[in-house]
Amino acid sequence: MTTARELTPLDRFLADTQRALDTVFGAPAAERGNPAAGIAQIELDENERRHAAGLMRINHVGEVCAQALYCGQAAVARDEATRAHLLEAAQEETDHLAWCADRLRELDSRPSLLNPLWYAGSFAIGALAGLRGDGWNLGFVVETERQVEAHIDEHLDSLPNADARSRAILEVMKADESRHADNAEAAGARILPPPVPSLMAAASKLMKTVAYRI
Ligand SMILES: [Fe+2]
Ligand SMILES: [Fe+2]
């Protein structure tokens with residue numbers, strides 16, 4: 001019979017490293033079915049295909065960043081319940097990551113070449129936020145999710161009309177992100193003071209500009 005033991009810092013470090021490698025270089029599997037399954041694949045012209053791929057690459061990077069932020073925050077969380085909340089949120093983002101990767105393949109495209117960089121930067125930001133305490137940790141989740149929700153809305157407007165498959169994926173992601181923000185609010189998130197939300201928005205704008213192409 002095996003007995004559960006507390007995770008040591010080394011166990012956690014190895015688990016974090018494994019997760020980072022899976023997110024950036026692996027092919028994480030979704031637990032839920034792809035929302036685009038069963039929706040007809042309509043032929044896009046070359047400009048539409050490229051634009052849709054650029055948008056879905058941004059969404060894929062967004063999910064890589066979400067995983068990294070939550071893992072960075074969990075790495076320094078003081079309270080076990082907060083850590084569990086963060087790791088559970090990261091787990092749910094895995095579905096989004098897998099669906100965006102699927103759609104990128106269908107669009108004959110690929111994820112961002114800079115994913116290792118996005119992951120490392122977001123992990124560091126998450127850990128810094130987490131060091132300020134658990135109220136901040138949850139506040140950071142709320143702000144991240146609300147910003148993601150807003151950019152998904154922009155993408156829903158901007159996607160080519162014919163791209164119903166990308167749209168189906170984004171609709172489900174949007175509903176999930178909204179629920180993630182509500183859950184973190186209910187768990188005791190504090191409102192982040194200025195200029196933190198605008199700094200986060202500036203970082204995500206830079207990411208979106210670069211990830212559309214690279
Ligand atoms: Fe997500
Ligand atoms: Fe989320």
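This is a guided tour of a predicted model, stop by stop, with a selection to make at each one.

**The nonpolar core**

Begin by selecting α2 (46-76), α3 (80-106), α4 (115-131), α5 (134-158), α6 (164-186) and α7 (196-211), each of which supplies at least two residues of the largest nonpolar core. That core has 46 residues, and those with the most contacts inside it are Cys 65 and Tyr 70. Which helix gives the most to this core? With 14 residues, that helix is α2.

Now centre the view on Cys 65 and display what surrounds it. Once neighbours within four places in sequence are left aside, Cys 65 is in contact with Trp 118, Ser 122 and Met 207.

**α2 against α7**

Keep α2 on screen and add α7, so that the packing of this pair can be followed along both helices. Their axes are 9 Å apart and the angle between them is about 135 degrees, which makes α2 oblique to α7. The crossing in which α2 passes α7 is right-handed.

For the side chains at this contact, select Arg 57, Ile 58, Val 61 and Cys 65 in α2, which meet Met 207, Lys 208 and Ala 211 in α7. Sorted by class, the residues of this contact divide into 5 nonpolar and 2 charged, with no polar residue.

**α5 against α7**

Hide α2 and bring in α5, leaving α7 in place. The axes of α5 and α7 come within 11 Å and cross at roughly 45 degrees, and these two helices are therefore oblique to each other. This crossing, too, is right-handed.

On the α5 side, select Glu 143, Gln 147 and His 151, and on the α7 side Pro 197, Met 200, Ala 201, Ser 204 and Lys 208, which they meet. By class, this contact has 3 nonpolar, 3 polar and 2 charged residues.

Is Ser 204, in helix α7, buried or exposed? Ser 204 is buried, because 20 other C-beta atoms lie within 10 Å of its own, and a count of 20 or more is what the term requires. To see what chain separation can conceal, add Gly 62, which is 142 residues from Ser 204 along the chain, although their C-alpha atoms are separated by 8.3 Å.

**Thr 23 in α1**

Move next to helix α1 (residues 9-25) and select Thr 23 within that helix. Thr 23 counts as buried because it has 24 C-beta neighbours inside 10 Å. Leaving aside its neighbours within four places in sequence, display the residues with which Thr 23 is in contact, namely Pro 28, Val 64, Gln 67, Leu 97 and Tyr 119. For a distance to set beside these contacts, pick Glu 80, which is 57 residues from Thr 23 along the chain and whose C-alpha atom is separated from that of Thr 23 by 23 Å.

**Two loops with unusual backbone**

Most residues other than glycine have a negative phi, and most peptide bonds are trans. The last two selections depart from those tendencies.

Select Asp 108, in the loop between α3 and α4, where phi is near 60 degrees, a positive value in a residue other than glycine. Asp 108 counts as exposed because it has 10 C-beta neighbours inside 10 Å.

Finish in the loop between α6 and α7, where Pro 195 lies. Select Pro 194 together with Pro 195 and inspect the peptide bond that runs from Pro 194 to Pro 195, which is cis, with omega near 5 degrees.

Technical notes: Residues numbered from 1 in each chain as written. Chains lettered and ligands numbered in written order. Predicted model: local features only at pLDDT ≥ 70, side-chain atom pairs only at ≥ 80, totals over all residues. Core = buried A, V, L, I, M, F, W, Y, C linked by C-beta atoms within 7 Å. Buried ≥ 20, exposed ≤ 12 C-beta atoms within 10 Å, placed from the backbone. Helix = DSSP H or I, 4+ residues; strand = E, 2+ residues; numbered from the N terminus. Contact = placed C-beta atoms within 7 Å. Axes fitted to C-alpha atoms, helices over the stretch in contact; angles between N-to-C directions. Parallel < 35°, antiparallel > 145°, perpendicular 65-115°, else oblique. Left-handed = near helix turned anticlockwise from the far one by under 90°. Nonpolar A, V, L, I, M, F, W, Y, C, P; charged D, E, K, R; others polar.
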